[in-house]
Amino acid sequence: MTALSLPAARALHLAAQGLLTAPRRKARPADVLATIRRMALLQIDTISVVARSPYLVLWSRLGDYQQQWLDDALAEGQLFEYWAHEACFLPIEDYGLLRHRMVDPEQLGWKSATQWRREHPGVVERVLQHIQQQGAMRSADFEQPEGHQAGWWNWKPEKRALEVLFASGELMVARRQGFQRVYDLRERVLPDWQDAQHLQPVQDCKRQLVLQAVKALGVAHPGWVADYYRMGRLEAELQPATLASQGLLLQATLTESGDTVYIHPDHAELLDAALAGTLQARGTRILSPFDPVVWDRKRANALFQFDYRLECYTPAPKRQYGYFVLPILRNGALIGRMDAKAHRQQGRMEVKALHLEAGVRASQGLARDLVRTMLEFARWHATPEVQLSGALPDRLAPLLHAELASQA
């Protein structure tokens, strides 16, 4: 069996994810869809201390681009939203692969809220009829009940009904307005879809999702695959080893651990380059906490020896690194993390803290790369002033300040 070193596996993973090198040309609108296709999906999150995660994940791969391009791709029907890894943007051609979850939404667990639907059929029917008669609606277009306090788990009935109808596929997200979902009937958003004609067998869909997950990962340990689309426990016939025995996947062994990993045949040339040592990661990028490279804590630890946990849901006194800490990727390694906040009205990007991983040496070259990337990050946010306001590594701090003064 092919022996693959850990550095080669990292390079193959980053190449598959579109992060092997920094962007080499000016981004175009079509690059948004191409990038999402490459990753297979783009997770959605609403936290906006810096750019919301889906926009940031694209910036890490595309560099300077217009966030409106993602909104346009959804509104033009190139993408759709549904529960995949979590709530995600997905290429519209993959709608059929997720349709079985809509037909049987109870498999989504709490996300389907089927029990709530059984208990409140009148609310669900009223919301559905309102959209049928009035057209696409946001949750905000329904009045808040008097005395009702909004919150993540204290949704008004109409919001719950919209989520129920979204989970079952009766409603789709037609577009977003100020990042709020605008819901419409599936038959108006996707008029050509007919279950009787287009619905595929469930196992065929799951097999394709497994193959797409392996392709998006570049190199995949069996334990990493199901999480990509949140598929739960995979049946024997869907295990990567089974698919490899059918010639649908390639196999390799990690030299450091002896673990078997799997590679999609479409990446055969990348695998050859990785084995030859010619697949080299270059450049410095700032990642979202919801980037596929880091969202699986065990995988990030295994591939990069990077123990990462998002702390925004942790009480402030218990946080180790900060509220919304952004991993830093440099030359194929995750070398640190940055806690930042965009002060949009002031045009200022505040770096509240920056931490280097153990063994990363402070140097002039590191400071130069970090500051150059911080400035690129800040300008894309329309907050061109970078402020180093918080904790910095002792030996790196003066180098960062000097570089910022020379590059700004």
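In which loop is the place of N331? The place of N331 is in the loop between β10 (325-330) and β11 (333-343). The model in which this residue is located is a predicted one.

## Loop residues with positive phi

N331 is not a glycine, yet its phi is positive, near 50°. With a relative accessible area of 37%, N331 is partly exposed, because the partly exposed class covers values between 20% and 50%.

A second residue of this kind is A382, which has a positive phi of about 60° although it is not a glycine. A382 belongs to the loop between α16 and β13 (385-391). Its relative accessible area is 54%, so A382 is exposed.

## Helix α2 and its packing against α3

Helix α2 spans residues 29-39, and its buried residues are D31, V32, L33, T35, I36 and M39. After the helix comes A40, and the phi of A40 is positive, near 80°.

Two packed helices are described by the angle between their axes and the distance between the axes. For α2 and helix α3 (residues 53-62), the packing angle is about 100° and the axes are 11 Å apart. That angle makes α2 roughly perpendicular to α3. On the α2 side of the contact stand D31, V32, T35, I36 and M39, and these meet V57, L58, R61 and L62 in α3. Sorted by class, this contact of α2 with α3 has six nonpolar residues, one polar residue and two charged residues.

## The largest nonpolar core

The largest nonpolar core comprises 142 residues. Y65, Y228, Y229 and M338 are the residues with the most contacts inside this core. Helix α16 (residues 364-380) supplies the largest share of the core, with nine residues.

The surroundings of M338 can be listed in detail. When its neighbours within four places in sequence are left aside, M338 is in contact with I286, F324, V325, L326, I328, V351, A353, L354, M374 and F377.

Another of the core residues named above, Y229, is also a contact of Q212. The place of Q212 is in helix α11 (residues 202-217). At 16% relative accessibility, Q212 counts as buried, because buried means under 20% relative accessible area. Apart from neighbours within four places in sequence, Q212 is in contact with D94, L97 and Y229.

## Helix α8 and its cover

How many of the eleven residues of helix α8 are buried? Helix α8 (residues 157-167) is mostly covered, with nine of its eleven residues buried. These buried residues are E158, K159, A161, L162, E163, V164, L165, F166 and A167.

The cover over the buried residues of α8 includes both helices and strands. Among the helices are α5 (95-103), α6 (114-119) and α7 (121-134), while the strands include β3 (79-83), β5 (171-177) and β6 (180-185). G169 follows α8, and the phi of G169 is positive, near 80°.

## Residues in helices α6 and α7

Two of the helices that help to cover α8 also contain residues with computed distances to other parts of the chain. Q134 is found in helix α7, and at 53% relative accessibility Q134 counts as exposed. Q134 and D184 are 50 residues apart in sequence, and their C-alpha atoms are 9.8 Å apart in space.

E119 is found in helix α6. At 49% relative accessibility, E119 counts as partly exposed. E119 and Q387 are 268 residues apart along the chain, and a distance of 52 Å separates their C-alpha atoms.

## Cysteines without a disulfide

A disulfide is a covalent bond between the sulfur atoms of two cysteines. How many disulfides does the structure hold? The structure holds zero disulfides.

C88 is in no disulfide, and the nearest cysteine sulfur, that of C312, is 17 Å away. A disulfide requires sulfur atoms within 2.5 Å, so this spacing does not qualify. C88 has 0% relative accessibility and therefore counts as buried. C312 is likewise in no disulfide, with the sulfur of C88 as its nearest cysteine sulfur at 17 Å. C312 is buried too, with a relative accessible area of 10%.

Conventions:
Residues numbered from 1 in each chain as written. Predicted model: local features only at pLDDT ≥ 70, side-chain atom pairs only at ≥ 80, totals over all residues. Heavy atoms only, no water. Buried < 20%, exposed > 50% of the residue type's maximum accessible area, 1.4 Å probe, protein only. Helix = DSSP H or I, 4+ residues; strand = E, 2+ residues; numbered from the N terminus. Axes fitted to C-alpha atoms, helices over the stretch in contact; angles between N-to-C directions. Parallel < 35°, antiparallel > 145°, perpendicular 65-115°, else oblique. Contact = heavy atoms within 4.5 Å. Nonpolar A, V, L, I, M, F, W, Y, C, P; charged D, E, K, R; others polar. Core = buried A, V, L, I, M, F, W, Y, C linked by side-chain atoms within 4.5 Å.
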